[in-house]
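Let's take a walk through this one together, starting with the charged pairs and ending up among the strands. Keep the model open as you read.

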Amino acid sequence: MLKKNLIRRRMSFFLLLMLYIGFCCEVAAFPPNVMAVGELHELDGGYWIEVVEADVEGGKALLVLGRLPDKALVSKAYVSRGEWFSLDDRDLFHFEAILNNVFHSEDAIMVELTEYDWWPRKETPPDPPDSLYLIFIISAGTIVLIFIIFARNRLNDRTRQQKIEEYRAKMHKLEKEGYDVSDLKGVLGDEK
């Protein structure tokens with residue numbers, strides 16, 4: 001009984017851990033990026049993005065893409081809140097995002113981008129992770145693992161019960177032959 005409780009606790013902990021990992025993966029799939037107006041963010045591949053200006057009341061912002069090290073301006077987009085946009089350096093580089101929000105912080109105007117991604121154009125764009133698919137796979141794997149453990153425990157219980165029945169048969173045979181089997185009856189639970 002103690003072993004079953006220990007296994008159940010471990011399985012519960014394992015299941016919770018897998019769900020937590022799944023939710024973390026979902027959150028990590030598209031982390032929001034908050035940028036202040038005039039703040040330069042370096043991207044992979046020698047590029048940068050900057051919010052040049054933003055209008056809080058209108059919910060609009062002007063974003064530019066540039067190339068390092070000469071800080072040459074490559075592309076710009078004037079976008080509204082909730083709008084998807086992309087910035088490109090011809091066939092070399094691509095940046096895309098959704099302008100989620102434009103707001104005031106304590107000392108600056110801030111822009112929040114969501115579902116952003118970038119990649120060199122010569123490569124195919126990366127597929128965003130499908131978090132629901134990931135959670136489904138983790139959950140299905142956990143359920144299969146739980147099923148295997150319970151099936152193994154049930155098989156062990158059947159094997160144990162068969163052994164007990166074999167010992168009882170041997171005990172009854174010994175009892176018929178005149179041997180004292182009272183100690184065995186106590187162990188097997190056959191005392192009447």
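When we say "helix" here, we mean a DSSP run of H or I at least four residues long, and the numbering goes from the N terminus. Bear in mind too that this is a predicted model.

With that settled, look at helix H2, which covers residues 131-176. Aspartate 157 and arginine 160 both sit in it, 3 residues apart, or about one turn of the helix. Their side chains meet in a salt bridge, at 2.8 Å from N to O. Aspartate 157 is partly exposed, with a relative accessible area of 27%, and arginine 160 is partly exposed as well, at 48%.

Slide along H2 and you'll find glutamate 165 paired with arginine 168 in a salt bridge, where the closest N and O atoms are 3.1 Å apart. These two are separated by about one helical turn, because they are 3 residues apart in helix H2. Glutamate 165 has a relative accessible area of 39%, so it counts as partly exposed.

A search of the whole structure turns up 3 salt bridges, and another of them takes us over to the strands. Here the side chains of aspartate 89 and arginine 67 meet, 2.7 Å from N to O. This pair links distant parts of the chain: aspartate 89 belongs to strand S6 (residues 84-89) and arginine 67 to strand S4 (residues 60-67), 22 residues apart. Is aspartate 89 buried or exposed? Its relative accessibility is just 1%, so aspartate 89 counts as buried. Arginine 67, at 27%, counts as partly exposed.

Now for the nonpolar side of things. In soluble globular proteins, nonpolar side chains tend to be buried together. The largest nonpolar core in this model has 20 residues, and Leu63, Phe85, Leu87, Phe95 and Leu113 touch the most other members. Strands S3 (47-55), S4, S5 (72-80), S6, S7 (93-104) and S8 (109-120) each give two or more residues to this core. S7 supplies the largest share, with 5 residues.

S7 is also worth following for its pairing. S7 and S8 run antiparallel to each other over 10 bridges, and they form a hairpin with 4 residues between them. Within the pairing, histidine 94 stands opposite tryptophan 119 in S8. S8 has another antiparallel partner in strand S1 (residues 33-36), joined to S8 by 4 bridges. There, asparagine 33 stands opposite leucine 113 in S8, and Leu113 is one of those core residues with the most contacts to other members.

Note on methods. Residues are numbered from 1 along each chain as its sequence is written. This is a predicted model: local features need pLDDT of at least 70, side-chain atom pairs count only at pLDDT 80 or more; totals for chains, interfaces and linings use all residues. Side-chain values use heavy atoms; hydrogens and water are left out. A salt bridge is a side-chain nitrogen of Lys or Arg within 4 Å of a carboxyl oxygen of Asp or Glu. Buried means under 20% relative accessible area, exposed over 50%, partly exposed in between (1.4 Å probe, protein chains only). A nonpolar core is a set of buried Ala, Val, Leu, Ile, Met, Phe, Trp, Tyr and Cys residues joined through side-chain atoms within 4.5 Å. Two strands pair if DSSP finds at least two bridges between them.
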